[in-house]
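Trainee: Could you take me on a close look at the place where the two protein chains meet? I would like to follow it step by step, from the chains down to the helices and out to the DNA.

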Protein chains: 2
Amino acid sequence: MNIKEVARRAGVSIATVSRVINNTTPVSENVRKRVEEIINETGYRPNSLAKELQNHKTNTIGVIISVAVLDVTSLGTTINAITDVLKAKGYSIMLANSRFDSKEELDYFKIFQEKRVDGILYFAVNFTEEHYWFLKKYPIPIVMIGQENELLDFPCVLHDNYYAAKLATEYLIQMGHKKIGYIGIPEYDAAAGKERRKGFEVAMRLNNIEINPHYLAEGNFSIESGYASMKHILVQSVVKPTAVFAATDFMALGAMHYLTEKGYTVPEDMSIIGFDDVDVAPYLNPPLTTIHSDNHAVGRQAATLLLQILEEGGPGIKKFVANYELIERKSVKNLIIDNCTK
Amino acid sequence: MNIKEVARRAGVSIATVSRVINNTTPVSENVRKRVEEIINETGYRPNSLAKELQNHKTNTIGVIISVAVLDVTSLGTTINAITDVLKAKGYSIMLANSRFDSKEELDYFKIFQEKRVDGILYFAVNFTEEHYWFLKKYPIPIVMIGQENELLDFPCVLHDNYYAAKLATEYLIQMGHKKIGYIGIPEYDAAAGKERRKGFEVAMRLNNIEINPHYLAEGNFSIESGYASMKHILVQSVVKPTAVFAATDFMALGAMHYLTEKGYTVPEDMSIIGFDDVDVAPYLNPPLTTIHSDNHAVGRQAATLLLQILEEGGPGIKKFVANYELIERKSVKNLIIDNCTK
DNA sequence: TTGTAGGCGTTATCAT
DNA sequence: ATGATAACGCCTACAA
C-alpha cells in the first residue's frame with residue numbers, strides 16, 4: 001500500500017493525498033474526508049524512507065555508547081533524559097554500542113552517515129588519533145558527552161570529574177586522613193580515568209601529603225576489580241591507609257566487601273569514599289559517602305544542544321559542565337579528635 | 001555527494017559505480033580503481049535511504065522497552081545480548097522507551113512501521129485490548145520478550161517467572177519457614193507481577209500453608225518501595241513472619257535496609273529471598289539469596305528468533321523459556337533444628 | 001482547489 | 001564490461 005494506491009482508490013491525485021496527510025495546502029472538505037476514509041480502511045502509513053530521501057532529514061539521532069554492561073553505570077539515567085528530550089521533538093533514536101572497540105566505533109559513525117541521521121550524541125571514552133582524522137571531516141553534527149577534545153571543537157557536556165575528585169579527596173583530608181589510597185581507572189578513559197586521578201593527586205599535593213605508591217591500585221569499573229584492588233593495597237602496604245578513594249561506586253562496593261570479609265569494619269578501620277552515587281549507594285553497609293553528579297542534566301543538555309544545532313543553526317553554548325556534590329553518608333570516619341564544636 | 005557525482009568525476013555511468021560498491025557484476029580493473037579513488041577522495045558514502053527504499057529492506061530492528069529507569073533491571077544485559085547478535089548480522093537498532101505509557105507504545109509501533117524497520121523486539125509489560133486490535137493487523141514481524149499473549153501468537157522468549165517464584169517459596173518452606181511474607185509487583189505487569197505472585201501462592205497452597213494477608217505488600221520495583229513494603233508488613237502483623245520473598249532484588253534490598261535500620265538482623269531475625277540476581281546481590285550484607293535467570297540467553301534467543309523469521313521465513317521455535325536457578329547465599333536462615341547431617 | 005511531472009539516490013533490468 | 005533507464009514512494013513547484 002502506497003500513496004499512489006490510496007490516490008487511485010480515492011479517485012484523486014497523489015498530490016492531494018499528500019496534502020491531506022501533511023496539511024500543506026488547503027483541500028476541500030469532502031475530498032479530505034474521502035481520502036482519510038481510505039487511509040483508515042487500508043491502514044496505510046506513509047513510507048518514511050521516501051519522505052526522508054526527499055526531505056534530506058531523517059528525524060533520527062544516532063547515539064554511540066561504549067560500555068561493557070549497560071546497567072553498570074549511571075548511563076541509563078542519561079539515556080533516559082536524552083530520549084525524553086528527543087522524543088518531545090519527534091526524533092527517533094538509533095543506538096550503537098561499540099564495546100570499547102575503537103574500530104567498531106568508527107564503523108558506527110560510517111553507518112550513521114549512510115543512514116543519514118540528523119545528528120550524533122557521542123559518549124566518548126577513548127579518543128584516538130584515528131578518531132581525530134576521521135571525525136575532522138565528518139559531515140554530521142556531533143555532541144560529545146563525558147569527554148572533551150581540544151583538537152575537535154565539538155560542543156560537549158561533561159561531568160566535572162577533576163574538581164569532583166579533588167573535592168572527594170579534600171573531604172577525606174578534612175576528616176583528618178593523611179594515609180589515603182586511590183583505586184583508579186586506566187588512563188585510556190580520559191574522564192573517569194585521567195581526570196579523577198588528577199583531582200586526587202592535586203588535592204594531595206596541595207595539602208602537602210605524599211602519595212604512597214603502595215596505596216594505589218587500578219580497577220576497571222567492576223565490583224570485582226574493586227575487591228581485587230583493595231586486596232592489592234592491603235597486601236602491599238605495611239602501614240595501612242586509613243582511607244581509600246575509589247573512582248567508582250562499584251569499585252568502592254567491591255573494596256568494602258573485601259574489607260568486611262577480612263574482618264575490617266568500615267569506616268572504623270578504614271574509610272571509603274566513592275564516585276557516581278549509584279542507586280544502591282544509600283543502602284550499602286555502611287551507606288556510601290560519594291560524589292553525586294547530575295546525569296539527568298547531562299542527558300538533557302546534550303540532547304538540547306544537538307537540537308539547537310539542528311534547528312537553530314548552532315548550539316546555545318559550546319560546553320556544559322554538570323553540577324556535582326558530595327553526599328555525606330556513613331563510610332568515612334572523622335579522625336579529628338577535637339570535637340568541641342559538638 | 002552522490003553516486004551521480006562520483007560517476008561524473010570518474011567518467012563512468014552510475015551503474016558502474018554501483019557495481020564497484022556492491023561487487024555485483026565484474027568491473028574492469030582500471031575502472032574499478034579509478035572509481036575507488038574518487039570515492040576515497042570525496043569521502044562519498046552511499047545513501048542508505050535510497051538503497052533501502054529500493055530494496056524494501058532497512059536492516060534495522062526496532063526495540064520497544066517500557067521502563068522507568070534503564071538501569072534498574074537486568075534489562076541492560078538483555079539488550080547487550082540483542083545488539084551483539086543483531087550487529088553480527090549487520091542490523092542496526094532503533095530504541096524506543098514507552099515509559100509505561102500504553103498510547104505512546106502504540107505510537108512507537110506506528111513510527112517503526114513508517115520507518116520500515118524489518119522487525120521488532122517487544123519487551124511487553126502491560127498488554128491491553130487496544131494492543132490486541134492494533135497488533136493483530138500489524139504488518140511487521142514481532143518477537144515478544146518477557147511476556148506471552150494467548151490471543152496473538154507472536155514468538156516469545158520468557159523468563160520462567162511462575163516456576164522460579166514457586167521454587168523460591170519452596171526453598172523458604174524447605175528451610176523450615178511457615179510464616180512467609182511476600183512483597184509483590186502490581187498485576188498489570190503480567191510477568192513480574194502476576195506470574196511471580198502465582199508461584200508464591202501455589203507453593204504455599206501445595207504445602208498447606210495459609211497465606212497471612214498481613215504478610216502481603218506491594219511495591220513498584222524500586223528500593224524505596226521494598227523499604228516501605230517491609231515496614232508495612234512489620235507494622236501490620238502482630239506475629240511477625242520469619243521470612244519474606246521479595247519479587248525483585250531491589251525491593252529485597254530495600255526490605256533488608258528497613259530491617260537493619262530497625263535493629264533486626266538478616267537472616268537471624270528475618271530471612272529474605274529476592275528475584276533477579278542483580279550485580280550487587282552477592283555484595284550485600286548479607287549476600288542475597290535470590291533467583292538467577294539467564295538474561296543473556298533471553299536477549300540472544302529473542303534476536304535469533306527474529307532473525308530466523310526475517311532470513312529463514314519463520315522462527316525455529318515459537319517459544320523459548322530461559323533457565324533459572326536459585327542462588328543460595330546468606331540471607332535465608334535454616335530453621336530446621338535437625339542438623340545431624342553436618 | 002486540484003493535477004502533472006520532475007527529482008531525491010539508489011538498484012536492477014535491459015540493451016549494447 | 002558498460003550504459004540507459006525504469007522503478008522505489010514521496011514531496012513540491014508549476015500549471016490548470
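Mentor: Happy to! One definition before we start: helices here are DSSP runs of at least four residues, numbered from the N terminus. Please also keep in mind that this is a predicted model.

Let's begin with the whole interface. In it, 38 residues of chain B are in contact with 38 residues of chain A. On the chain B side, α4, α5 (75-88), β2 (92-97), α6 (102-114) and α11 (249-261) each supply at least two residues. The largest share, six residues, comes from α5(B). By class, this side of chain B divides into 16 nonpolar, 13 polar and nine charged residues.

How do the copies relate to each other? A rotation of 180 degrees, with 0.0 Å of shift along its axis, superposes chain B on chain A with an RMSD of 0.1 Å. The two copies are thus related as by a two-fold rotation axis. The interface fits with this picture: 97% of the interface residues of chain B are also interface residues in chain A, so the copies meet through the same surface.

Now zoom in on one pair of helices. Two packed helices are described by the angle between their axes and the distance between the axes. For α4(A) and α4(B), the axes come within 9 Å and cross at roughly 145 degrees, and the crossing is left-handed. L49(A), A50(A), E52(A) and L53(A) meet L49(B), A50(B), E52(B) and L53(B) there. This helix contact holds six nonpolar residues, two charged ones and no polar ones.

From here we can step out to the DNA, where α4 turns up again. Near strand D, α2 (14-22) and α4 (48-55) of chain A, together with α2 (14-22) and α4 (48-55) of chain B, each supply at least two residues of the surface. In total, 27 residues surround strand D, and the closest are N2(A), I3(A), A50(A), A15(B) and P26(B). A50(A), you will recall, is also one of the residues in the contact of the α4 helices. The surface near strand D has 14 nonpolar, 12 polar and one charged residue.

Strand C is surrounded by 28 residues, the closest being P26(A), I3(B), S18(B), N47(B) and A50(B). Here α2 and α4 of chain A, along with α1 (3-10), α2 and α4 of chain B, each supply at least two residues. This surface divides into 14 nonpolar, 12 polar and two charged residues.

How values were computed:
Residues numbered from 1 in each chain as written. Chains lettered and ligands numbered in written order. Predicted model: local features only at pLDDT ≥ 70, side-chain atom pairs only at ≥ 80, totals over all residues. Near = placed C-beta within 6 Å. Nonpolar A, V, L, I, M, F, W, Y, C, P; charged D, E, K, R; others polar. Contact = placed C-beta atoms within 7 Å. Axes fitted to C-alpha atoms, helices over the stretch in contact; angles between N-to-C directions. Left-handed = near helix turned anticlockwise from the far one by under 90°. Least-squares fit on C-alpha atoms with pLDDT ≥ 70 in both.
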